[in-house]
Amino acid sequence: MDLLLLEKSLIAVFAAVVLATVISKLRGKKLKLPPGPIPIPIFGNWLQVGDDLNHRNLVDYAKKFGDLFLLRMGQRNLVVVSSPNLTKEVLHTQGVEFGSRTRNVVFDIFTGKGQDMVFTVYGEHWRKMRRIMTVPFFTNKVVQRNREGWEFEAASVVEDVKKNPDSATKGIVLRKRLQLMMYNNMFRIMFDRRFESEDDPLFLRLKALNGERSRLAQSFEYNYGDFIPILRPFLRGYLRICQDVKDRRLALLKKYFVDERKQIASSKPTGGEGLKCAIDHIIEAQQKGEINEDNVLYIVENINVAAIETTLWSIEWGIAELVNHPEIQSKLRNEIDTVLGPGVQITEPELHKLPYLQAVIKETLRLRMAIPLLVPHMNLNDAKLAGYDIPAESKILVNAWWLANNPESWKKPEEFRPERYVPFGVGRRSCPGIILALPILGITIGRLVQNFELLPPPGQSKVDTSEKGGQFSLHILNHSTIVMKPRSF
Ligand code: HEM
């Protein structure tokens, strides 16, 4: 009897060992994962760390777990990088390995599973899209062709503000007018078009759809269904709304902008001479069979988000900082008056003569980074970083904001002191739009400061600069009312 029991026990132990070996073989070899809080089944670290993994919260975790740490968000791996060396490794040295993008369930909808440029994986499609977009968008020629248009748009902001009797007394929400200006700056490049006023019905429709797209994509509301696949059925309603906004938005971009431009182009003689705006180049690439019609629309969609919002938020932050730092504002105004002469309006070719203006802009971008964690990167395959295993398809967040605000590298980083510099990401996936954003910021902020004294509303000594973060965006929480006293020259 005892012998029989022993035999059964041995068989059971043997079977258990065989099973464990098979399972471990199936799971692959043991990984050396980056440090991080201990995950629990199904939820990982999600319940511990919550939804809002903004740049500041991530600094707290980096202090605890190091410059490279891993969070398990349900089924998804999130790797956070917080040092200059590791950043260089991810964006530059291993730029190919980490050069893809993650898309969650919502970004899959808005980008047609990566048929765009910003959210596509690193590879042939991305290379082609970036090449096709470079000539029409990201060269100095584009700046030279459009800068008079941008100067005109900034001048009309100045004019409209002067016409509004509230500006100099109780103040106006300047952002509303600047938003129209930014749409015009980019729609001039794309379609050789502008919107007449803030009430233009097409502008209103477009602005509403773009706003919805950003809100739905940057929200944390859908995290549960993204992190935990078995909960995805509960997300159906949310995803249906996303799909509807996406369909209506692309249909509007197609009908009123892309198709209209196609018609104009077809009624003109063909050839290089006729090419005027970015979309003509993009349509040409479609006609050559390099990209399809959806890709054309997704390029327009990408510019609507990547270019307009980021630059607008940065202008808004810059103005808020200047209102809150009157001494910096008047130092800037003095520079412009001294270099150009009082009342001589700034133009793009003059920007390089205004180092303090450029420093104000760079300091704004350092302290108030519109995309503080960059656009999330991803490794398509298993990778190694600092001796750790990074499982394939991890979402890689580079805390660029911390690199630019770490007291070990910057003196009093929390202060707005226009003497520093911050890049727009580095390497293959870095921002190509910097070439346009910097002159637009220079012209706009410069013109506003040279034509107005910018002040907080009556009874307030400062405007509110609280932040509102999203999945990876950061903008000002409240659009401030600003008093704008015209200067007389
Ligand atoms: C102040 C304004 C802007 C800021 C702060 C900004 C910031 C950024 C950042 C941080 C990235 C991601 C870099 C990375 O993942 O490594 C990015 C990507 C990108 N930006 Fe900008 N950007 C601005 C303006 C613009 C403008 C004006 C355009 C277009 C005209 C633009 C087009 C793009 C595109 C297409 C990408 C994706 C690049 C790729 O994935 O290959 N951006 N931007």
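Analyst: Let's start with a yardstick: a polar contact is a pair of N or O atoms within 3.5 Å; inside the protein, one must be able to donate a hydrogen and the other to accept it, and residues adjacent in sequence count only if both atoms are side-chain atoms. This is a predicted model, so local features need pLDDT of at least 70 and side-chain atom pairs pLDDT 80 or more, while totals for chains, interfaces and linings use all residues. Residues are numbered from 1 along each chain as its sequence is written, and side-chain values use heavy atoms, with hydrogens and water left out.

User: What makes the pair between the ligand and Ala 306 a polar contact?

Analyst: A nitrogen atom of the ligand sits 3.5 Å from a polar backbone atom of Ala 306. The limit is within 3.5 Å, so the pair qualifies. Arg 101 has a polar side-chain atom 2.8 Å from a ligand oxygen, and for Arg 130 the distance to a ligand oxygen is 2.8 Å too. Helices H6 (124-137), H13 (293-324) and H17 (434-451) are the elements that give two or more residues to the shell around the ligand. Helices here are DSSP runs of H or I with at least four residues, strands are E runs of at least two, and both are numbered from the N terminus.

User: What puts a residue in the shell around the ligand, and which residues come nearest?

Analyst: One of its heavy atoms has to lie within 4 Å of the ligand. There are 26 such residues, and Arg 101, Trp 126, Arg 130, His 377 and Cys 431 come nearest. H13 is the top contributor, with six residues.

User: Why does Asn 304 count as buried?

Analyst: Buried means under 20% relative accessible area, exposed over 50%, and partly exposed in between (1.4 Å probe, protein chains only). Asn 304, which lies in helix H13, is at 1%, so it's buried. Its side chain makes a polar contact with the side chain of Asn 210 at 2.8 Å. A polar atom of the Asn 304 side chain is also 2.9 Å from the backbone oxygen of Val 300.

User: How do you know whether Pro 165 and Ser 167 are buried or exposed?

Analyst: Pro 165 is in the loop between helix H7 (140-163) and helix H8 (174-191), and Ser 167 is in the loop between H7 and H8 as well. Pro 165 has 66% relative accessibility, so it counts as exposed. Ser 167 has 2%, so it counts as buried. The Ser 167 side chain reaches the backbone oxygen of Asn 164 at 3.0 Å.

User: What share of the residues in the protein is buried?

Analyst: Buried residues make up 52% of the 489.

User: How do you know whether the radius of gyration agrees with a compact globule?

Analyst: The radius is taken over C-alpha atoms, and the globule rule is 2.2 Å times the number of residues to the power 0.38. With 489 residues that puts a compact globule near 23 Å; the protein has 26 Å, which agrees. Along its principal axes, the C-alpha trace spans about 110 × 55 × 40 Å.

User: Which residues around the ligand count as nonpolar, polar or charged, and how many are there of each?

Analyst: Ala, Val, Leu, Ile, Met, Phe, Trp, Tyr, Cys and Pro count as nonpolar, Asp, Glu, Lys and Arg as charged, and the others, Gly among them, as polar. By that scheme the shell has 17 nonpolar, six polar and three charged residues.
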